[in-house]
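I opened the notebook to keep a record of what I looked up in this entry, one topic at a time.

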Amino acid sequence: MTTHTHTPTSAGALFDQRINRWGRLTIGLGLLISLAGPIYLFTVEGLFPGWAVIGTSLFAITTIFAVNWIVEPATYFPMLGVAGTYQAWLVGNISNKLLPAAITAQVATDAKPGTRKAELVSIAAISGAVIIHVTSLVLFVAVLGTWIVSILPERVEIAFGYILPAILGAVLVQLLMALRDWFTTGIALLLGGLVVFGLLALVPGAAAFALPIVVVGTVTAAILRGRAKHRRASTDSSQ
């Protein structure tokens, strides 16, 4: 009888291989399911608007969101990992639900983003967030939603507008304290301020490009700083 053992490296490679296989399958099925409604309307109900309308709509959407299709996965991947990225894009509500859950769990478990431990923690956090979200959605929205809204005081309803900023602000502080990269943090805050209070004030229509500008600018600054530090370290060691 023979037994097979996996080294950490081979086990990690096998994990990634299986995650990629099942991730692509589930994402593909999700895409087909999301298109099932329009396909039904186009083919069965005869509500096809014409290729010109579809092409125009697709072009408009691509113009606004194409940059985010590249920037957002690259931005979230270090914190979510391979499996977490598949989960997040299938579930949705990444920035306001899944990413905060993953970062909070990583901070609580002292898992540095980009490591295997952080990826596994991210998987558990996202799974927990989805279970809680679906359960609360069914109970407090589908079953009790109308009744709860009818009895809420007006001052409580006003507070709803502050929920998302409160969550993102707390997660931002947690992330900053965990990474402690003050240079990159300063660059990100500086670029964010310039974009929000400068660019968008002058060109309000550029809102779709705000996130890509800040992300690409911050990443570029961090890479250049890393290369400069590496060159200085090489120079010092050669002297």
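In which helix is Phe-42 found? I was working with a predicted model, and in that model I found Phe-42 in helix H1.

**Entry on the nonpolar patch**

I looked up the accessibility of Phe-42 and noted a relative accessible area of 30%, for which reason I entered the residue as partly exposed. I then listed the nonpolar surface patch of about 740 Å², which is made by Tyr-40, Leu-41, Phe-42, Val-44, Leu-47, Phe-48 and Trp-51. When I asked which element gives the most to this patch, I found helix H1, residues 8-43, with three residues.

**Entry on salt bridges**

I searched the whole structure for salt bridges and wrote down two. One of them joins Asp-16 to Arg-116, with the closest N and O atoms 3.0 Å apart. I noted that this pair links distant parts of the chain, since Asp-16 sits in helix H1 and Arg-116 in helix H4, 100 residues apart.

I next wrote down the salt bridge between Glu-119 and Arg-116, where the closest N and O atoms are 3.2 Å apart. Here both residues lie in helix H4, three residues apart, which is about one turn of the helix. Through their shared partners, the salt bridges join Asp-16, Arg-116 and Glu-119 into one network. As background I added that an α-helix has 3.6 residues a turn, so residues three or four places apart point the same way.

Are the members of this network buried or exposed, or something in between? I looked up each one separately: Asp-16 has a relative accessible area of 22% and is therefore partly exposed, and Arg-116, at 36%, also counts as partly exposed. Glu-119 has a relative accessible area of 8%, under the 20% cut-off, so I entered it as buried.

**Entry on the core**

I turned to the largest nonpolar core and counted in its list twelve residues, namely Tyr-76, Met-79, Leu-80, Ala-88, Ile-94, Leu-98, Leu-99, Ala-102, Ile-103, Ile-126, Ala-129 and Val-171. The elements that give two or more residues to this core are helix H2 (51-91), helix H3 (94-108) and helix H4 (116-143). Which of the elements gives the most to it? I found that H3 does, with five residues.

**Entry on helix H3**

I checked the length of H3 against expectation: its 15 residues, at 1.5 Å a residue, should span 21 Å, and because the end C-alpha atoms are 19 Å apart I recorded agreement. Within H3 I also noted a kink of about 25 degrees, centred on Pro-100. Pro-100 appears again among the buried residues of the helix, which are Ile-94, Lys-97, Leu-98, Leu-99, Pro-100, Ala-102, Ile-103, Ala-105 and Gln-106.

**Entry on the loops at either side of H3**

I looked at backbone angles next, with the reminder that most residues other than glycine have a negative phi. Asn-93, although not a glycine, has a positive phi of about 55 degrees, and I located Asn-93 in the loop between H2 and H3. Its relative accessibility is 41%, so I entered Asn-93 as partly exposed.

Just after H3, I found that Asp-110 takes a positive phi of about 55 degrees. Asp-110 has its place in the loop between H3 and H4, and with a relative accessibility of 69% it counts as exposed, because the cut-off for that word is over 50%.

**Entry on Gly-84**

I placed Gly-84 in helix H2 and found its relative accessibility to be 0%, so it counts as buried. I also looked up how far its C-alpha atom is from that of Ala-111, which is 27 residues away along the chain, and wrote down a separation of 14 Å.

**Entry on helix H8**

Lastly I took up helix H8, residues 182-202, and asked what span its 21 residues should have. At 1.5 Å a residue the expected value is 30 Å, and since the end C-alpha atoms are 29 Å apart I recorded agreement. I noted a kink of about 35 degrees in H8, centred on Val-195. Val-195 is also one of the buried residues of H8, which are Thr-184, Thr-185, Gly-192 and Val-195.

Notes. Residues are numbered from 1 along each chain as its sequence is written. This is a predicted model: local features need pLDDT of at least 70, side-chain atom pairs count only at pLDDT 80 or more; totals for chains, interfaces and linings use all residues. Side-chain values use heavy atoms; hydrogens and water are left out. Patches are made of residues with over 30% relative accessible area and no salt bridge: like charges are joined within 9 Å, nonpolar side chains (Val, Leu, Ile, Met, Phe, Trp, Tyr) within 5 Å. Accessible areas come from the Shrake-Rupley method with a 1.4 Å probe; for residues, only the protein chains shown count as cover. A salt bridge is a side-chain nitrogen of Lys or Arg within 4 Å of a carboxyl oxygen of Asp or Glu. Helices (H or I, at least four residues) and strands (E, at least two) are DSSP runs, numbered from the N terminus. Buried means under 20% relative accessible area, exposed over 50%, partly exposed in between (1.4 Å probe, protein chains only). The expected span of a helix is 1.5 Å times one less than its number of residues. The bend at a residue is the angle between axes fitted to the seven residues ending there and the seven starting there. A nonpolar core is a set of buried Ala, Val, Leu, Ile, Met, Phe, Trp, Tyr and Cys residues joined through side-chain atoms within 4.5 Å.
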